[in-house]
Amino acid sequence: MKIFRGFQHSGREPACALTIGNFDGVHRGHQAMLSLLAGEARQRGVATCVLTFEPHPRDYFAKVLHQPGLAPARICTLRDKLEALERCGVDQVVVLPFNQRLASQSPQAFIDEVLLAGLGARYVLVGDDFCFGAKRAGDYAMLDAAGQRSGFDVARMNSYEVHGLRVSSSAVREALAAGRMDEAARLLGHPYTISGHVLHGRKLGRQLAESRPGASDGFRTLNLRFAHWKPAAGGIFAVHVHGLSDQPLQGVANLGVRPSLDPNDVNGGRVLLETHCLDWPAHLGAEGAYGKIIRVELLHKLHDELKYDSLQALTAGIAKDCDDARALFAALPAPTYTETRRQTTRDRI
């Protein structure tokens with residue numbers, strides 16, 4: 001899959017079947033839309049293209065208006081969105097910076113400059129609530145009329161439902177915020193996942209004396225940065241970690257801002273996913289995970305983040321989370337996994 005920042009690039013396909021949206025989460029509704037797009041692209045002999053935006057338009061307006069509450073909680077990072085689009089067979093993605101120029105662009109200018117001159121759209125597929133242009137003045141009827149005048153086809157996909165539940169990014173956000181991970185997985189079509197490079201942290205985990213007999217390395221963690229200040233999920237989770245061994249590793253993860261630690265830590269108060277593997281892979285040694293790309297599936301929420309008043313209390317709290325996660329995994333049937341290691345989008349960005 002080809003990825004472009006903006007559309008002024010020589011390697012971009014000259015004509016495409018296009019869909020437009022934020023695609024936060026790339027849920028089952030998005031997946032159905034992309035499947036339909038692929039069929040239309042094959043009939044026309046053109047590439048499939050997704051036009052998406054960074055930052056999210058509502059992030060932009062929240063900043064401009066100084067109203068952070070307008071910003072939506074983010075389901076996935078750009079890395080994970082691009083990887084999900086690649087899995088759906090998309091040929092190219094254009095990430096368009098959402099800025100003042102784009103926000104003030106008229107609907108007709110968006111059609112002329114972006115869809116036609118910029119992307120060479122021959123077919124445009126949108127959702128049933130699609131609006132575009134300054135003040136969201138452009139709608140499906142306007143886009144369809146422009147297509148008839150300018151020679152590109154326009155189609156609209158109705159809402160996608162699973163067991164009577166409308167699948168949308170808002171529904172995924174609500175499930176994640178409430179800790180309903182099974183519901184989120186049904187909407188997404190897979191467990192909720194965060195991936196990225198393992199980063200160095202304060203090394204505090206290995207300094208915590210674990211209370212269980214036989215442990216000697218504290219609570220070593222794998223740190224991933226969530227590149228948005230407002231993740232859709234948060235708290236302590238039982239997880240599976242992929243990318244460090246042939247089989248997924250069981251673990252406990254904290255997604256959030258770590259309220260028990262000092263705000264001046266090495267990660268500067270950023271949102272992190274910190275994952276402790278219940279059984280650390282011996283072949284990695286003390287430093288072998290840094291820089292590796294891992295994928296963490298958040299399977300079950302144990303509780304919200306807690307603020308502990310001492311390292312001793314933090315140690316006891318983490319130990320209890322580990323015991324609770326072990327009990328949870330012991331009660332579940334052992335899954336069978338087959339993973340093929342290949343280079344994907346997440347290895348390139």
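**Helix α8 and its surroundings**

I would like to start with helix α8, in which 6 of the 8 residues are buried, so that this helix is largely enclosed by the rest of the structure. Buried here means under 20% relative accessible area, while exposed means over 50%, with partly exposed in between, using a 1.4 Å probe and protein chains only. What we are looking at is a predicted model, in which local features need pLDDT of at least 70 and side-chain atom pairs count only at pLDDT 80 or more, whereas totals for chains, interfaces and linings use all residues. Residues are numbered from 1 along each chain as its sequence is written, and side-chain values use heavy atoms, with hydrogens and water left out.

Helix α8 covers residues 181–188, and its buried residues are M181, E183, A184, A185, L187 and L188. The helices (H or I, at least four residues) and strands (E, at least two) that I name are DSSP runs, numbered from the N terminus. What covers these buried residues? The cover includes α1 (28–44), β8 (165–166), α7 (169–177), β9, β11 and β14. Just after α8 comes G189, which takes a positive phi of about 90°.

Let me take the neighbouring helix α7 next, which packs with α8 at an angle of about 160°, their axes being 8 Å apart. The axes are lines fitted to C-alpha atoms, for helices over the stretch in contact, and the angles run from 0 to 180 degrees between N-to-C directions. The two helices α7 and α8 are therefore roughly antiparallel to each other, given that angles under 35 degrees count as roughly parallel, over 145 as roughly antiparallel, 65 to 115 as roughly perpendicular and the rest as oblique. The contact, meaning heavy atoms within 4.5 Å, is made by A171, V172, A175 and L176 on the α7 side and by M181, E183, A184, L187 and L188 on the α8 side. The crossing of α7 and α8 is left-handed, which is to say that the near helix is turned anticlockwise from the far one by less than a right angle, clockwise being right-handed.

Now to the strands beside α8, since this helix lies across β9, β11 (235–242) and β14 (293–303), running at about 135° to β14. They belong to an open sheet of 6 strands, in the order β9-β14-β11-β12-β13-β10, with antiparallel pairing; two strands pair if DSSP finds at least two bridges between them. Which strands stand at the edges? These are β9 (192–197) and β10 (222–225), each with a single partner strand, so one side of each is left without a neighbour in the sheet. On average, and with direction ignored, neighbouring strands of this sheet are turned by 35° against each other. Within the sheet, β12 (residues 249–256) and β13 (residues 272–277) pair over 6 bridges, and L255 has L273 in β13 as its bridge partner.

Elsewhere in the chain, strand β4 (residues 92–97) has 5 of its 6 residues buried, so it too is largely enclosed by the rest of the structure. Strand β1 (residues 2–5) runs parallel to β4 and is joined to it by 4 bridges, while β3 (residues 47–54) pairs with β4 in the parallel sense over 6 bridges. V95 in β4 has R5 standing opposite, and T52 also stands opposite V95.

A second pair of helices is α5 (residues 107–118) and α6 (residues 140–150), which pack at an angle of about 55° with their axes 11 Å apart, and which are therefore oblique to each other. Their crossing is right-handed, and P107, Q108, I111, L115 and L116 in α5 meet M142, L143, A146, R149 and S150 in α6.

Some backbone details deserve attention, because most residues other than glycine have a negative phi, and most peptide bonds are trans. The peptide bond from E54 to P55 is cis, with omega near 5°, and P55 lies in the loop between β3 and α2 (57–64). R136, which is not a glycine, has a positive phi of about 55°; at 55% relative accessibility, R136 counts as exposed. H163, again not a glycine, has a positive phi of about 50°, and at 82% relative accessibility H163 counts as exposed.

Finally, for the chain as a whole, the secondary structure comes to 9 helices and 14 strands, and buried residues make up 52% of the 349 residues.
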